Amino acid sequence: MAEAYHSTDPGFAARLLTWWDEHGRKDLPWQSPRTPYRVWVSEVMLQQTQVTTVVGYFERFTRRFPNVQTLAGSGLDEVLHHWSGLGYYARARNLHRAAVIVAERHGGVFPTTAVGMQELPGVGRSTAAAIVAQAYGTRAAILDGNVKRVLARHHRLAGPVSEAKTRKELWRLTELHTPHQRVADYTQAIMDLGATVCRRSRPQCPACPMRKTCRAFAAGDVERYPERAKRQTARRLERRRFFVLVDPDGRCLVEQRPALGIWGGLWSPPERDANESLEAFLAVRGIERALVDDVREQAVFRHGFSHFDLDVETVYVKLKAMPRLAQDGGGKWIDPGGHTLGLSAVAAKLINAQAW
């Protein structure tokens, strides 16, 4: 089995590291200091999210939660508040759960092996490898979206990456190429190459250090790889109506969503079926129509998720006074600019764009 750890192209890692020494990103905030905690937070944030988006969130998040003990001791609402807008909120819930486990069961010390790291909620095989490689310099092969693209093109690998057979071969290839020295730098280098040069669209092949051995480049069909699976069904479209109640002081009513599902655990203006009328909503909430000062409807806008699109209808309702039943009916009234609740990007957009 030892031969499996020797690359079929011994120069692969060397060329990549030479390129990274000159062109790689070395000023990312989690690189200095490069602690297990900071690397872990960054890698979870980077799941399905680009570096340029993550940087600002990471800096704000780690200012508020500078270590795993602080994160573990904070409420989930506040954690979600600092995650608001980053999306894929299960990551934040898992991050909080994992922090509690590390703080309470491991004395605040993170696992030092990829296997141990995978036992934490929200940490899969590739994320675990990226954490231990960068935090401890441990040899561990990663396979995120950028690495899949680099390897699929370099080896001109047939088959969609969603297929088990293709993924198995990609794991074999990433093991082959991962070196025994400078593992932390190599891990960052191959992610950087995929993000900045071997991009999904308009790849910068002339600037790529792998172009001389890249089979897809030689064949002139780089953008064909990684091959995509054929879409089996049309993208789903849903339509929902949000009621943004605004009290005389400008505060908005929000309700907490169920823990599971889209926007799980976050707060949002009341969301209802698209055919629910204002009168029906007010009746269920126990709000007298006489309390309504003004009603305005905004143009529908579309918000995209990974597997479906949501058409958002918004009804703004300005109230003359605070309704007693609405105040005590399971929601909270919040100042759009002064709260610590977790809001989705859509919810934040709605309450920050009041019609008055």
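**View 1. The lining of the second largest pocket has 10 nonpolar, nine polar and one charged residues.** Here Ala, Val, Leu, Ile, Met, Phe, Trp, Tyr, Cys and Pro count as nonpolar, Asp, Glu, Lys and Arg as charged, and the others, Gly among them, as polar. This is a predicted model, where local features need pLDDT of at least 70 and side-chain atom pairs pLDDT 80 or more, while totals for chains, interfaces and linings use all residues. Residues are numbered from 1 along each chain as its sequence is written, and side-chain values use heavy atoms, leaving out hydrogens and water.

**View 2. Now meet the largest pocket, with a volume of about 1400 Å³.** A pocket is an open set of points on a 1 Å grid over the protein atoms alone, where a 1.4 Å probe fits, with protein on both sides within 12 Å along at least five of seven lines; lining residues have an atom within 4 Å of a point. The volume is the space filled by probe spheres set on the points, which are joined across faces, edges and corners. Its lining counts 40 residues, with Asp144, Gly145, Asn146, Arg149 and Arg200 nearest the centre. By class, 14 are nonpolar, 13 polar and 13 charged.

**View 3. Helices α2 (residues 36–45) and α8 (residues 125–136) cross at roughly 150°, their axes coming within 9 Å.** Helices are DSSP runs (H or I, at least four residues), numbered from the N terminus. Axes are lines fitted to C-alpha atoms over the stretch in contact, and angles run from 0 to 180 degrees between N-to-C directions. Contact (heavy atoms within 4.5 Å) involves residues including Trp40 of α2 and Ile131 of α8.

Definitions and conventions
Helix = DSSP H or I, 4+ residues; strand = E, 2+ residues; numbered from the N terminus.
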